[in-house]
Amino acid sequence: MRPWRNQYGAISDYFKIYGGIKSLCTSPYPQASIIIGVFLVLFANEKFDASSLTISIIPNLLGFTVGALAITIASSSSEIFILLTEGGDDNSLFMKTMSNFVHFILIQVVVVLLAVLNNAISFRIFIYLNAIMLVYAILTALSTAIQLFQMAKLFNLSKKKKNVTEGNEPLDPV
């Protein structure tokens, strides 16, 4: 049981920084996923198979996500990440972005496990859950991209302020 203690602590930290149940309930992404997922199961043609789609899409997305997370962590000593860590604050933009990455990965793992269950045990509930979670995994990609864009905007703003304080004029785009 002892090896799982660190895992439990890490998951607990991620969920707290992510915003907990409140963030899940108030986010438009899970809500949209439920609507779209149920719609897909109810109205898609008979060729629609959420578990096959999941198995063909999510492993590639998962590999890409883990790679992006590794690159983000590897460059965390650069100037931008010093700014984003906000002096080591537990709720810094850096930690929030990391928790979004962990959430993205967790959702992808869950949807793959649901696809495996759906293939092994064909209960109607697994079909619905698989479709909903597949849509949620895709929408979470959008959410993570928006988070990274916010980081880029902050870094860009810091560079603009640095140029102004140093008396440098920003370059005109060609």
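This report describes the helices, the buried residues and some of the contacts of one protein model.

**Overall picture**

The model is predicted, and the mean pLDDT of the protein is 85, with 89% of its residues reaching 70 or more. Confidence is highest in helix 3, residues 28-43, with a mean of 94, and lowest in helix 5, residues 79-84, where the mean is 72. Where pLDDT is low, the predicted coordinates should not be read in detail.

Seven helices and zero strands make up the list of elements in the protein, and from the N terminus on the order can be written α-α-α-α-α-α-α. Of the 174 residues in the protein, 30% are buried. The protein exposes about 11400 Å², and 67% of that area is supplied by carbon and sulfur atoms. Among the contacts with a separation of 6 or more, 78% are between residues 24 or more positions apart.

**Helix 4**

Helix 4 covers residues 50-74, which is 25 residues, and from its first C-alpha to its last it reaches 35 Å, close to the 36 Å expected at 1.5 Å a residue. A bend of about 30° is found in helix 4 at Ile57, and a proline, Pro59, follows within four residues.

The buried residues in helix 4 are Ala50, Ser51, Thr54, Ile58, Leu62, Thr65, Leu69 and Thr72. As background to such a list, an α-helix has 3.6 residues a turn, so residues three or four places apart point the same way.

Two residues of helix 4 can be followed in more detail, namely Leu61 and Leu62. Not counting residues up to four places away in sequence, Leu61 touches Phe104, Gln108 and Ala137. With its neighbours within four places in sequence left aside, Leu62 is in contact with Ile105, Gln108 and Val109.

**Residues distant in sequence**

The table sets out three pairs of residues with their separation along the chain and the distance between their C-alpha atoms.

| Pair | Separation in sequence | C-alpha to C-alpha distance |
|---|---|---|
| Leu61 and Ile105 | 44 residues | 9.1 Å |
| Leu62 and Val112 | 50 residues | 9.8 Å |
| Ser27 and Ser143 | 116 residues | 10.0 Å |

Ser27, which appears in the table, is found in the loop between helix 2, residues 20-26, and helix 3. The relative accessible area of Ser27 is 12%, and Ser27 therefore counts as buried, since buried means under 20% relative accessible area.

Another buried residue is Thr97, which is found in helix 6, residues 93-120. Thr97 has a relative accessible area of 1%, so this residue is buried as well. Leaving aside neighbours within four places in sequence, Thr97 is in contact with Gln147, Leu148 and Met151.

**Aromatic rings**

Four aromatic pairs are found in a search of the whole structure. One of them is formed by Phe123 and Phe126, and this pair is tilted, at 6.0 Å centre to centre and with 40° between the planes. A pair of aromatic rings is described by the distance of the centres and the angle of the planes. The term tilted applies to Phe123 and Phe126 because their angle of 40° is neither under 30 degrees, as for stacked rings, nor over 60, as for edge-to-face rings. Phe126 has a relative accessibility of 15% and so counts as buried. Elsewhere, ring pairs link Tyr14, Phe15 and Tyr18 into a cluster.

Notes. Residues are numbered from 1 along each chain as its sequence is written. This is a predicted model: local features need pLDDT of at least 70, side-chain atom pairs count only at pLDDT 80 or more; totals for chains, interfaces and linings use all residues. Side-chain values use heavy atoms; hydrogens and water are left out. Buried means under 20% relative accessible area, exposed over 50%, partly exposed in between (1.4 Å probe, protein chains only). Contact means heavy atoms within 4.5 Å. Accessible areas come from the Shrake-Rupley method with a 1.4 Å probe; for residues, only the protein chains shown count as cover. Rings of Phe, Tyr and Trp (its six-membered ring) pair if their centres lie within 6.5 Å; planes under 30 degrees apart count as stacked, over 60 as edge-to-face and the rest as tilted. The expected span of a helix is 1.5 Å times one less than its number of residues. The bend at a residue is the angle between axes fitted to the seven residues ending there and the seven starting there. pLDDT is the predictor's confidence in each residue, from 0 to 100.
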